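Reader: Hello! I am new to this structure and would like a close look at one part of it, with a patient explanation.

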Amino acid sequence: MAGSLQHKTVRALLWSFLQSVVQKGLQLVIGIILARLLFPEQFGLIGMLAIFMAVIQAFLDSGFGAALIQKREVTRTDTCSVFYFNILVGLLAAGFLSLVAPWIAAFYNQPILAPLTRALSLTLVINSFGMVQRTMLTKQIDFKAQTQVGLIAGALSGIAGITLAVMNFGVWSLVAQQISAAFVSTVCLWAFSPWRPALIFSFKALGDMFGFGSRLLLSSVLNQIFENIYLVVIGKLFSVTDVGFFARAKTLNDIPSQTLSEMAGRVMFPVFSTIQDDPARLKVGFKKALTFLGLVNFPMMIGLAVVAHPLVLVLLTDKWVPCVEYFQLLCVGGVLYPLHAMNLNMLQALGRSDLFLRLEIIKKVLLVVSIVLTWQWGISAMIAGMIGVSIIACYLNSYYSGVLVNYPITEQGSAVLPYLIVSGSMGSAMYAIGLLTFPNQWSLLLVQFAGGSILYVCLCRAFRLAAFMEVWQAMSNRMPFVAAGTSR
């Protein structure tokens, strides 16, 4: 049984990784094309609405998705009740957003936000029809279908957005992209998932899951509010163009760091839930997950911070240069993001949504204090405050999950420290390369990327870092030329 779960986990991780790479890679390419066609202020308008859409989307799930995954025995009554509840919440949420749209526009003093809000509210209704299908695929640790869904939805919605941008529809091309992504994704989920609703509904079934799900709902709402609160503060105190620069920097940072965390979290949450009564196996799995995230995320974030300037010039053109400083600071904060996510993932798997909620409240209070203390010195100072809060939050998250699985923060830190040191050495070398003279930004970026990648692999091999050697061995078993290189 253990071997079967391990095989299923590895297979799911591979499909989850492929889904994340394909979907986020496609999102990055489409975002780059749209950034070249549109202007920062147009992205800023969508950024101003991000907090409203994210919070309402959290209410749409209502925590019941995680409850279905965490629950050992899920009945048809459970899934059908959640399905109809989600649709009801989606309709109410869309109606609420349409009603308050004029107040949102007045808050930012941007009249165009009213019709934009009403149009984007359609995504909430559309998404509500496919949430149970996605949840059940996740519970079954089936990410192959979700990979196909993400690829199809991302490609078709990207084509729609780019087409409208070329036709000079401006900000409406971004709206069309989001609506079409929601529609195509929901249609594909129905096509790929065997689950179908029946005419069953039970308040008792919802009530049984409410204790676990409600705390995750509050945690999710808090997280979404404060994940996007900087866009609100910047939109209110600064200009719509500043919002665009910050939003673009945040997107560039989120794609690698959050993608990695979501990829691992989607798989490890149901896996950890399956072995939640076996502390020894939990600790082993937890350590492997942390070191794997460190192996990939540390060099990625440090490397992106170093190459930020040529990267923005090459991908987005010089009209986006003001976002470079924001991007670099966000990358520094992004170093710790997967560690946050995996520790919180463990709390969910163990059913400790009470601790999850308590931690979220503490961290959000700290974030509010940080914003109040730093906003007067500008956006960069606000991001620096965010990094300080992230360091404190990492300690808090690690402490509680460490106690529950007997894996304290000191052991967690010792496990990932070698990966951070090696990544820092790689980043220093990439920075030194940037001091040299190159004919253009393309060549600088290429040499920095190639040099940093080769050095990182060599250092990991030289110090025989555990997570790297495990990946290397897996590659050696499948690729004879890697094994030959190892023997030499």
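Which ring does the charged end of Arg-461 sit over, and how far is it from the centre?

Author: The ring is that of Trp-472, and the charged end of Arg-461 sits over it, 4.9 Å from its centre. A charge counts as sitting over a ring if NZ of Lys or CZ of Arg is within 6 Å of the ring centre and within 35 degrees of the ring normal. Please keep in mind that this is a predicted model, in which local features need pLDDT of at least 70 and side-chain atom pairs count only at pLDDT 80 or more, while totals for chains, interfaces and linings use all residues. Residues are numbered from 1 along each chain as its sequence is written, and side-chain values use heavy atoms, with hydrogens and water left out.

Arg-248 also lies over a ring, in this case the face of Trp-320, at 5.9 Å from the ring centre.

Rings also meet other rings here: the structure holds 13 aromatic pairs. In such a pair, rings of Phe, Tyr or Trp (its six-membered ring) have centres within 6.5 Å; planes under 30 degrees apart are called stacked, over 60 edge-to-face, and the rest tilted. A pair of aromatic rings is described by the distance of the centres and the angle of the planes. Phe-201 and Phe-203 form an edge-to-face pair, with 4.9 Å from centre to centre and 85° between the planes. Phe-201 is partly exposed at a relative accessible area of 38%, whereas Phe-203, at 67%, is exposed. Those words follow cut-offs: buried means under 20% relative accessible area, exposed over 50%, and partly exposed in between, using a 1.4 Å probe and protein chains only. Elsewhere, Phe-83, Tyr-84, Phe-129, Trp-190 and Trp-195 form one aromatic cluster.

Now for the surroundings. The protein has 22 helices and zero strands; both are DSSP runs numbered from the N terminus, with helices (H or I) of at least four residues and strands (E) of at least two. Buried residues make up 52% of its 488 residues. Of the contacts with a separation of 6 or more, 83% join residues 24 or more positions apart, where contact means heavy atoms within 4.5 Å.

One pair of helices shows such contacts well. The axes of α15 (residues 324-334) and α18 (residues 379-404) come within 9 Å and cross at roughly 5°, so α15 is roughly parallel to α18. Axes are lines fitted to C-alpha atoms, for helices over the stretch in contact, and the angles run from 0 to 180 degrees between N-to-C directions. Angles under 35 degrees count as roughly parallel, over 145 as roughly antiparallel, 65 to 115 as roughly perpendicular, and the rest as oblique. Among the residues of α15 that meet α18 are Tyr-326, Leu-329 and Leu-330, while those of α18 include Ile-383, Met-386 and Ile-387.

Leu-330 leads us on to helix α12 (residues 240-274), where Lys-250 lies. Lys-250 touches Glu-227 and Leu-330, leaving out residues up to four places away in sequence. Is Lys-250 buried or exposed? Lys-250 is buried, because its relative accessible area is 13%.

Just past α15 comes Val-335, in the loop between α15 and α16 (337-349). Val-335 is also buried, at 11% relative accessibility. Beyond its sequence neighbours up to four places away, Val-335 touches Asn-297, Phe-298, Met-301, Ile-302 and Leu-420.

After α18, the loop leading to α19 holds Asn-406. Asn-406 is exposed, with a relative accessible area of 55%, and its phi is near 55°, a positive value in a residue other than glycine. Most residues other than glycine have a negative phi, and most peptide bonds are trans. In helix α19 (residues 409-434) itself lies Gln-412, which is buried at a relative accessible area of 4%. The contacts of Gln-412, again not counting residues up to four places away, include Phe-286, Asn-343, Ser-398 and Tyr-407.
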